[in-house]
Amino acid sequence: MAISNESTAATSEQSGAPKFYYPSEELAQNSNIMAYAREKGFSSFEELYQWTIQEPQQFWSDMATRFLEWYQPWNQVLDESNAPFFKWFTGGKINIVHNAVDRHVNGPNRDKTALIWESEQGESRRYTYGQLAEEVNRFANVLRSLGVQKGDIVTIYLSRVPELLFAMLATVKIGAMHSVVYGGFSIDALQARIVDAKSRVVITGDGGWMNNKIVELKKITDAAVDEAQGLVEKVLVVRRTGHDIAFNESRDVWYHELAAQPAMDEPCATEQMDAEDPMFLLYTSGSTGTPKGLVHSCGGYQVQVAATLSFTFDIKPDDVYWCTADPGWITGHSYIVYGPFILGATQVVYEGAPTYPNPGRWWEIAQKYGVTIQYTAPTAVRSLMRFGDEVPRQYDLSKLRLLGSVGEPINPEAWRWYYRVVGQERCPIMDTWWQTETGGFMIAPNPTTPLKPGSGTKPFLGIEADVLTEEGQPASGNDDGLLVIKRPWPAMLRTIHGDPQRYVDTYWSRLPGNYTAGDSARKDEDGYYWIIGRIDDVIKVSGYRLGTAEVESALVSHPAVAEAAAIGLPHELKGNAIHTYVILRQGHEPSDALADELRKHVGKELGPIARPETVNFVPNLPKTRSGKIMRRVLKARALGLPEGDLSTLEG
């Protein structure tokens, strides 16, 4: 997500680069957001925005009827009576699967392509909206045959295959909740999420493909389920790779065998859900070692997802949209599985790495399917940038009209390369700031916005943000402060699963009355927001949030380690990389071999994404007198910066 600082902003202006990059007048005037502005009697985005801040409930009510069908209308847009446990569209009845799938079957989109899937190996499949409905219906019947009921939580651990989307949609169709776990997570990470969600049914695959290697999803699932001590009753296995796997006949069920039964093609009713019924859990790392199961609801979530995708990425009926994220993250939930289908879009999903079998793979796919909108992470942009301008220029990318960035800082150099080489100076970049917690875009440009490389620009319609000091006062011009959201929004998380007090403590206690995002930011003279970085002990690596406590716990679980600290340092490709500091137990000596062993150990415990860049052996760690590790001191030392106030450092 957007990032900058004083020095990068100054550098860009000193280098002679333009301060603003302007979308074309044609794109701006023909955009979905300007069509809505004109309907409301406004001639500019700024006028429209001011109205949505003055009348937020009217605006969100408009969005709820503009993009969605409801079984039963709501009787109250926003219920603030039990803040910060806000409720939206209370009394309304809805199901996101009706809006994303069912209603298209009886309309003009029935035979329109909904999904184009391609793998590293060159396999491809296409599904119309009619076929998507059949697949989701069949999957829903399979889940019901396994005893899944309304209110159950189903854990899903799959690679980026169509069945992942079908499984998520099918779960929600029958009124259950899904907890999707990213297919790169380890045994322990999967086990912890299964246990916290109390899932009796887990969906996995025999494997997945990444960089021409099989990811052993079933083997990891088996180990995690075994550690869950009898909680899981059934493991539904999707056949993907066809390689040999262990199969427990009393617990494991092949999806394709169940789905082939004639009864699975019978109509499966879509459950009418209350707008405030929970829809899914998604776990995210926190500043303590335990991942937080964030709860999102059925109604407000889909209102904001549909509105933000339509107005930010300007999706039109003939667009081919491609979000390169994994559905296991919130970006994939909101802007692959749900948003595009609600809007009746055609989208591409790709299983594989961006550089296999060659660094032109993404551009080849964009050319092949005529992609018009691409939404990706800065890590991917930076990794593809390394191969030079000539690789993308070998492909016809003339259909592209909008680009997007998500998940981590995009430095101005990468922004400009993406704009110049991939977008051919024609495609504005929608650099979006938001979180797993927010459910949808919060700060983002639109096709009318003058763009500054590295800035997420300004808040979305109806969103009131600010940058405050620790005392709750507005930060003065260009000073860093705490990024806050000043009023509730429809797609916000409703609570932390099983721990409502942690929800209050984490997000609403630091500056009472404000949602504290956990990011530091500044606001420039034009009112543009620049996200600086995390203020809690969370490291973003390639857009993935990892708690320092998780990494440190993994290190200390090794018999050689007595204490450990983890920090994030800037990395050319990943945005940040994990660097660790280790105090060894008596009887163990520092060595390169041990450092490598510890790196691999963390990778095994948490997944490859968490493997540290370095392991530094140290005799002690900087701590406060109360024993808290001062990670900022470690970071300052590593970067050669002033260490700041050390008055609380133990003697």
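**Exercise 1. State how much space the second largest cavity holds, and describe its lining by residue and by class.**

Solution. In this predicted model, the second largest cavity holds about 40 Å³ of space. As a next step, place that cavity in its setting: a search of the whole structure finds two cavities of 30 Å³ or more. Then list the lining, which consists of Val 180, Val 181, Tyr 182, Phe 185, Arg 193, Leu 282, Tyr 283, Gly 328 and Trp 329. Finally, sort these residues by class, which gives seven nonpolar, one polar and one charged; Gly counts as polar and Arg as charged.

**Exercise 2. Classify the ring pair of Phe 42 and Trp 51, and then that of Trp 70 and Trp 74.**

Solution. A pair of aromatic rings is described by the distance of the centres and the angle of the planes. The structure holds 40 aromatic pairs. For Phe 42 and Trp 51, the ring centres are 6.1 Å apart and the planes stand at 40°, so the pair is tilted; both of these residues are buried. For Trp 70 and Trp 74, the centres are 4.8 Å apart and the planes stand at 65°, and because planes over 60 degrees apart count as edge-to-face, this pair belongs to that class. To complete the picture, turn to accessibility, where the limit for buried is under 20%: Trp 70 has a relative accessibility of 16% and so counts as buried, and Trp 74, with 16%, therefore counts as buried.

**Exercise 3. Identify the residues with the most contacts inside the largest nonpolar core, and follow the contacts of Phe 89.**

Solution. The largest nonpolar core has 129 residues, and those with the most contacts inside it are Trp 60, Phe 89, Ile 203 and Leu 236. Once neighbours within four places in sequence are left aside, the contacts of Phe 89 include Trp 60, Trp 70, Trp 74, Val 303 and Pro 490. Apart from the largest core lies another, of 32 residues, among them Ile 116, Leu 403, Trp 415 and Leu 451.

**Exercise 4. Find which rings carry a charged group over them, beginning with Trp 117 and Tyr 528.**

Solution. Over the ring of Trp 117 sits the charged end of Arg 125, 4.8 Å from the ring centre. Over the face of Tyr 528 lies Lys 452, at 4.8 Å from the centre of that ring.

Note on methods: Residues numbered from 1 in each chain as written. Predicted model: local features only at pLDDT ≥ 70, side-chain atom pairs only at ≥ 80, totals over all residues. Heavy atoms only, no water. Phe/Tyr/Trp six-rings, centres within 6.5 Å; stacked < 30°, edge-to-face > 60°. Buried < 20%, exposed > 50% of the residue type's maximum accessible area, 1.4 Å probe, protein only. Lys NZ or Arg CZ within 6 Å of the ring centre and 35° of its normal. 1 Å grid on protein atoms, 1.4 Å probe; cavity = no way out; pocket = protein on both sides within 12 Å on 5 of 7 lines; lining within 4 Å. Points joined across faces, edges and corners; volume = space filled by probe spheres on them. Core = buried A, V, L, I, M, F, W, Y, C linked by side-chain atoms within 4.5 Å. Contact = heavy atoms within 4.5 Å.
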